[in-house]
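Trainee: I would like to learn how to read a protein–DNA model with care, going from the contacts with the strands to the fold of the chains. Could we take the features in turn?

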Number of protein chains: 2
Amino acid sequence: MDYTISSVDRALRMLQALSELPGSGVTELAERTGCTKSQTFRILYTLEAQGYVTKDADRSYRLGFQTMLLGDQARRQSPLIAAAEPHINDIYERIRQNVLLIVRHGMRTACVLLRASPDRDQIYAEFGRTGPLHAGGGPKVMLANAPCEIQEAVLTGELTRYTRKTICDPDTLRALLEKIRTDGWHLSEADLDDDKRSVAAPVRDASGEVVAAISVTAPEDYLQGARLDETRDLVLQTVERLSVALGYRGTPVVHA
Amino acid sequence: MDYTISSVDRALRMLQALSELPGSGVTELAERTGCTKSQTFRILYTLEAQGYVTKDADRSYRLGFQTMLLGDQARRQSPLIAAAEPHINDIYERIRQNVLLIVRHGMRTACVLLRASPDRDQIYAEFGRTGPLHAGGGPKVMLANAPCEIQEAVLTGELTRYTRKTICDPDTLRALLEKIRTDGWHLSEADLDDDKRSVAAPVRDASGEVVAAISVTAPEDYLQGARLDETRDLVLQTVERLSVALGYRGTPVVHA
DNA sequence: CCTCCGTTTTTCATTGTGCGAAACAGTGTT
DNA sequence: AACACTGTTTCGCACAATGAAAAACGGAGG
């Protein structure tokens with residue numbers, strides 16, 4: 001049964017639209033969301049009254065401070081993030097490369113925790129940004145362990161090319177996902193960011209389900225030979241410990 | 001005229017309630033928000049469908065990743081934060097003490113940007129947390145420059161005591177606010193955190209309205225003598241530069 | 001300064017959506 | 001096994017939300 005309250009649903013989509021098109025006005029947002037102008041106006045009015053959106057002098061709208069504060073609360077409330085933070089810091093202190101905690105959010109990945117390398121190497125992932133499921137170390141680990149419907153949807157959908165090495169062939173990708181599930185870790189090579197490699201492994205919770213991935217993303221010449229092995233071992237030890245901290249008892253759930 | 005959509009309004013209050021009472025269930029949230037159980041259930045259902053809230057195995061609700069991601073977008077969209085970040089970093093690099101950017105949000109303050117001192121001294125403010133308007137350096141600067149109705153509401157409302165030195169007398173506070181407006185800066189002494197002082201000054205935007213405060217919060221023995229003067233000058237220079245960057249043309253708006 | 005055009009705000013009658021109340025189905029507690 | 005408690009489901013009614021269209025506003029250009 002569907003208990004969705006349509007006006008609330010629209011309001012949430014409005015926030016989403018606003019996060020993608022900041023600085024737009026009533027008409028533009030109405031078109032974007034498919035709401036009528038009256039609906040749009042009233043939704044924005046309601047959101048503004050509580051500070052979730054802000055109206056500029058030129059009547060363009062942006063997300064407001066309330067949205068930001070709520071987001072910060074959400075971050076604090078996440079048991080996953082709280083549990084992962086020290087582990088992510090540990091890895092970072094040892095190798096001083098980009099360390100990411102990634103979750104799947106619908107058909108995208110989101111980086112929910114990031115310790116960035118000080119050289120500020122440009123990497124695709126950014127704090128709180130979403131990315132694809134089919135490219136990158138963490139993303140492919142999440143995809144390999146996602147419910148079958150999600151995997152199928154991605155494999156049959158468009159596989160956007162990010163670099164020369166992005167895997168855009170469904171069959172190759174399908175085989176790789178199988179390998180990732182078997183190996184329990186994955187090394188991705190410049191398929192999302194040029195000249196970058198990622199070592200990633202899955203984090204499981206008490207139910208055995210994969211809830212996140214930890215990934216170390218570094219220049220290609222760093223993740224090689226002995227350092228690659230060390231990094232892989234470090235990541236594997238860490239996901240193991242973190243999973244246990246989340247209540248995992250060694251009974252993985254495997255999809256597809 | 002009031003164009004509020006009541007169901008959307010309730011949904012937003014639900015998110016707010018959830019940020020205050022994470023891990024509660026339908027009944028508890030219904031009581032907290034004053035919504036009926038059906039309303040509460042349906043609102044949570046709608047919020048969950050889009051990932052704004054998450055239902056745990058024990059049917060308790062928490063804010064979800066979508067809320068977090070939206071909050072991160074909101075932070076990126078804020079021209080104030082974007083403009084302030086380098087300035088806050090500058091101050092931090094020079095003095096290595098807590099540097100805060102504070103805004104007023106209704107009857108509270110919120111810390112929207114924070115460079116914390118590495119000694120991890122416990123201070124009241126935390127990233128994305130709200131605080132009172134009548135105690136603390138940044139907060140009092142915001143209160144002094146808030147619309148009269150807000151000032152009156154705070155002065156006639158309860159002035160919570162945080163430390164021995166918190167100013168709880170309305171008349172003393174009123175006089176101090178007047179002084180803060182005249183001086184254009186403020187030194188608060190252990191009225192929110194024991195053994196801590198704050199030097200704070202207001203940031204204005206193109207309209208001349210005070211939109212934020214920059215505050216340096218440090219141990220009492222740091223903010224003394226010559227160092228106090230230096231810090232005050234540094235903060236004053238910085239708010240001046242930031243205000244100009246925001247379009248301020250030297251025409252302050254003064255309330256009360 | 002005035003005019004025009006696009007956008008936002010307001011109004012109002014109609015209708016379909018969201019609502020309350022109460023029954024039902026789980027969960028775990030005594 | 002019975003209970004107490006929370007969460008889920010149903011249903012008809014009322015009024016909140018809606019669409020359409022008019023009014024007000026504001027900025028651009030002459």
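The dialogue below takes up the DNA surfaces, the domains, one sheet and one residue.

Mentor: A word on conventions comes before the features: residues are numbered from 1 along each chain as its sequence is written, while chains are lettered from A and ligands numbered from 1 in the order in which they are written. This is a predicted model, in which local features need pLDDT of at least 70, side-chain atom pairs count only at pLDDT 80 or more, and totals for chains, interfaces and linings use all residues, with side-chain values resting on heavy atoms, hydrogens and water being left out.

Trainee: Which residues are the closest to DNA strand C, and how many surround it?

Mentor: A residue is near a strand if one of its heavy atoms lies within 4 Å of it. By that criterion 19 residues surround DNA strand C, the closest being Ser6(A), Thr27(A), Lys37(A), Arg10(B) and Thr36(B). Of the strand C atoms within 4 Å of the protein, 77% belong to sugar or phosphate and the rest to bases.

Trainee: Which polar side-chain atom of chain B lies 2.7 Å from a phosphate oxygen of DNA strand C?

Mentor: A polar contact is a pair of N or O atoms within 3.5 Å; within protein, one must be able to donate a hydrogen and the other to accept it, and residues adjacent in sequence count only if both atoms are side-chain atoms. The atom you ask about belongs to Thr36(B), at 2.7 Å from a phosphate oxygen of DNA strand C, while a polar side-chain atom of Lys55(A) lies 3.0 Å from a phosphate oxygen of that strand, and Ser7(A) places a polar backbone atom 2.9 Å from one.

Trainee: Which element gives the most to the surface near DNA strand C?

Mentor: Helices (H or I, at least four residues) and strands (E, at least two) are DSSP runs, numbered from the N terminus. H3(B) gives the most to this surface, with three residues.

Trainee: What does the protein place around DNA strand D?

Mentor: Here 20 residues surround the strand, with Arg10(A), Thr36(A), Arg59(A), Ser6(B) and Thr27(B) the closest. Sugar and phosphate make up 79% of the DNA strand D atoms that come within 4 Å of the protein. An N or O atom in the side chain of Ser6(B) is 2.6 Å from a phosphate oxygen of strand D, a backbone N or O atom of Val26(B) lies 3.0 Å from a phosphate oxygen, and H3(A) supplies the largest share of the surface, three residues.

Trainee: How is chain A divided into domains?

Mentor: Domain bounds come from an automatic or database domain assignment, which for chain A gives domain 1 (6–70) and domain 2 (78–245). Their centres, taken over C-alpha atoms, are separated by 33 Å.

Trainee: Which strands stand at the edges of the sheet in chain B?

Mentor: Two strands pair if DSSP finds at least two bridges between them. Six strands of chain B form an open antiparallel sheet in the order E5-E4-E3-E8-E7-E6. E5 (130–131) and E6 (186–189) stand at the edges with a single partner strand each, so one side of each has no neighbour in the sheet. Two bridges join E4 (residues 108–115) to E5(B), and Thr109(B) stands opposite Gly131(B).

Trainee: Is Thr238(B) buried or exposed?

Mentor: Buried means under 20% relative accessible area, exposed over 50%, and partly exposed in between (1.4 Å probe, protein chains only). Thr238(B), in helix H9 (residues 225–245) of chain B, is buried, with a relative accessible area of 3%. Its side chain reaches the backbone oxygen of Leu234(B) at 2.6 Å. Contact means heavy atoms within 4.5 Å, and, leaving aside neighbours within four places in sequence, Thr238(B) is in contact with His87(B), Ile91(B) and Ile214(B).
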